[in-house]
Amino acid sequence: MTCIFTIKLIIAIISGIGSIALLIAMSPHLTIISICVIGIGIIVPYRWVKAATHVGRKNSRFSSVITSFLLDRLQSPRLVRLSNTADAEEKNYFILTEKHRKLSLAIQLLKARIILVLEPTIIGSSLLIFYVGIVFLKMPISTVLLYMAIMVRIVPI
């Protein structure tokens with residue numbers, strides 16, 4: 001598995017370097033502007049992505065806690081009945097599931113916030129690159145569109 005990952009990493013690096021070299025050859029000025037715009041576009045939602053990752057890990061751990069809680073109780077239902085702790089167990093389960101629900105909601109809100117900011121940023125930066133390329137750098141539309149197609153190829157890398 002690590003061999004496949006290494007090969008994919010090498011291909012991604014070579015593809016990224018080749019694409020950036022092609023962009024620089026097409027328009028060094030537009031490439032610098034693109035790198036600045038993309039850098040700003042990455043920095044803005046970064047803290048939300050980091051927060052979503054943190055909450056997601058916390059949510060996974062909490063899922064494990066709920067699972068082990070249920071397994072412990074389901075393995076010994078007689079003990080729960082005999083010790084007369086069914087109400088307390090139900091209350092504990094409700095507390096655990098409520099915390100889990102709140103964490104899941106927090107993750108969904110962070111994801112929505114990221115998408116809400118990222119999509120307009122991508123569209124706006126694409127329009128900015130298109131506008132600067134045509135108006136200020138006097139590039140042909142076909143060259144700007146080719147430039148943007150290469151940029152779209154680089155984004156997943």
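Is Phe136 buried or exposed? At 58% relative accessibility, Phe136 counts as exposed, because the cut-off for that class is over 50%. The model behind this value is predicted.

Confidence was examined next. The protein chain averages a pLDDT of 85. At least 70 is reached by 96% of the residues. Confidence varies along the chain. Helix H3, spanning residues 77-82, has the lowest confidence, with a mean of 70. Helix H5, spanning residues 141-154, has the highest, at 90.

Aromatic contacts were then searched for. The whole structure contains 2 aromatic pairs. One of them joins Phe69 and Tyr93. Their ring centres are 6.3 Å apart. Their planes meet at 15 degrees, so the pair is stacked, since planes under 30 degrees apart count as such. Phe69 belongs to helix H2, which covers residues 28-75. Tyr93 belongs to helix H4, which covers residues 86-136. The pair therefore ties together parts that are 24 residues apart in sequence. The two partners fall into separate burial classes. Phe69 is buried, with a relative accessible area of 10%. Tyr93 is partly exposed, at 32%.

The rings of Tyr131 and Phe136 also pair. Here the centres lie 5.8 Å apart. The planes stand at 85 degrees, so this pair is edge-to-face, because the cut-off for that arrangement is over 60 degrees. Tyr131 has a relative accessible area of 44% and is partly exposed. Its partner Phe136, as noted at the outset, is exposed.

Attention then turned to helix H1, which runs over residues 2-26. A nonpolar patch on the surface is formed by Phe5, Leu9, Ile13 and Ile17. Together these residues offer about 420 Å² of accessible area. Ile13, one of the patch residues, lies in helix H1. Its relative accessibility is 44%, so Ile13 counts as partly exposed. The value lies between the limits of 20% and 50% that bound this class.

Ser15 is found in helix H1 as well. Its relative accessible area is 18%, so Ser15 is buried, the cut-off being under 20%. Helix H1 thus holds both the buried Ser15 and the partly exposed Ile13. Ser15 was also compared in position with Asn59. In sequence, Ser15 and Asn59 are 44 residues apart. In space, 36 Å separates them, C-alpha to C-alpha.

Notes:
Residues are numbered from 1 along each chain as its sequence is written. This is a predicted model: local features need pLDDT of at least 70, side-chain atom pairs count only at pLDDT 80 or more; totals for chains, interfaces and linings use all residues. Side-chain values use heavy atoms; hydrogens and water are left out. Helices (H or I, at least four residues) and strands (E, at least two) are DSSP runs, numbered from the N terminus. Buried means under 20% relative accessible area, exposed over 50%, partly exposed in between (1.4 Å probe, protein chains only). Patches are made of residues with over 30% relative accessible area and no salt bridge: like charges are joined within 9 Å, nonpolar side chains (Val, Leu, Ile, Met, Phe, Trp, Tyr) within 5 Å. Accessible areas come from the Shrake-Rupley method with a 1.4 Å probe; for residues, only the protein chains shown count as cover. A salt bridge is a side-chain nitrogen of Lys or Arg within 4 Å of a carboxyl oxygen of Asp or Glu. pLDDT is the predictor's confidence in each residue, from 0 to 100. Rings of Phe, Tyr and Trp (its six-membered ring) pair if their centres lie within 6.5 Å; planes under 30 degrees apart count as stacked, over 60 as edge-to-face and the rest as tilted.
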